[in-house]
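Trainee: I would like to learn how the labels in a structure report are earned. Could you walk me through some of them?

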Amino acid sequence: MNIKLERTAEVEYNLSHCKGCIERVVANGGYSVNNRNDILNTYRIGKITGLEFVNMNVSLKKVSDDKTEIQVSCVEAIRNSGHQIAVDQILDAFMERFSKALVGAPDEALKTVSQKGCFGIVLTLVVFGASIVGFALM
């Protein structure tokens with residue numbers, strides 16, 4: 001069964017600035033633009049993270065001269081709850097990077113996101129567990 005996952009936000013920046021921010025996010029966040037329509041302000045952006053590949057549809061809509069709506073969505077055949085979590089994290093990471101770009105964060109800041117994925121949690125647990133075992137063996 002396919003499910004649509006979506007993020008929508010209205011931001012206080014003009015359309016041109018938002019388009020430039022998407023270009024910065026793509027260039028610095030490890031994304032690929034598979035399709036772009038400059039007339040309709042739409043993008044088809046791909047992201048590979050671990051074993052997950054997601055194609056996102058990104059649409060920008062001019063609300064006023066200084067407001068733009070961004071909609072990021074994808075339609076996925078969700079295999080299990082872990083898969084949905086991974087796809088949600090990919091969408092959230094894109095939105096976080098976009099937010100950073102909007103406020104003028106340097107390109108280096110767009111390469112990382114604050115959320116920890118499953119790998120980060122597992123790595124933390126392994127390191128913490130190893131330190132406890134090492135301490136117990138002393």
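Mentor: Let us go through a few labels and set each value against its definition. This is a predicted model, in which local features need pLDDT of at least 70 and side-chain atom pairs count only at pLDDT 80 or more, while totals for chains, interfaces and linings use all residues. Residues are numbered from 1 along each chain as its sequence is written, and side-chain values use heavy atoms, with hydrogens and water left out.

Trainee: How do you know that C18 and C21 are not in a disulfide?

Mentor: A disulfide is a pair of cysteine sulfur atoms within 2.5 Å. The closest cysteine sulfur to that of C18 belongs to C21 and is 6.2 Å away, so the two are too far apart for a bond. C21 is likewise in no disulfide, and a search of the whole structure finds zero.

Trainee: Why is C18 called buried?

Mentor: Buried means under 20% relative accessible area, exposed means over 50%, and partly exposed lies in between (1.4 Å probe, protein chains only). C18 has a relative accessible area of 0%, so the label buried applies. C21 is buried too, because its value is 2%.

Trainee: What makes N41 stand out in its phi?

Mentor: Most residues other than glycine have a negative phi. N41 has a positive one, near 60 degrees, and is not a glycine. N41 sits in the loop between strand 2 and strand 3; strands (E, at least two residues) and helices (H or I, at least four) are DSSP runs, numbered from the N terminus. N41 also counts as buried, because its relative accessibility is 11%.

Trainee: How do you know what span to expect of helix 2?

Mentor: The expected span is 1.5 Å times one less than the number of residues. Helix 2 covers residues 81–102, 22 in number, and reaches 31 Å from its first C-alpha to its last, close to the 32 Å expected. After helix 2 comes G104, with a positive phi near 85 degrees.

Trainee: Why is M95 of helix 2 called buried, and what does M95 touch?

Mentor: M95 lies in helix 2 and has a relative accessible area of 14%, so it is buried. Contact means heavy atoms within 4.5 Å. Leaving out residues up to four places away in sequence, M95 touches R7, A9, I70 and V72. The C-alpha atoms of M95 and A9 are 9.1 Å apart, although 86 residues separate them along the chain.
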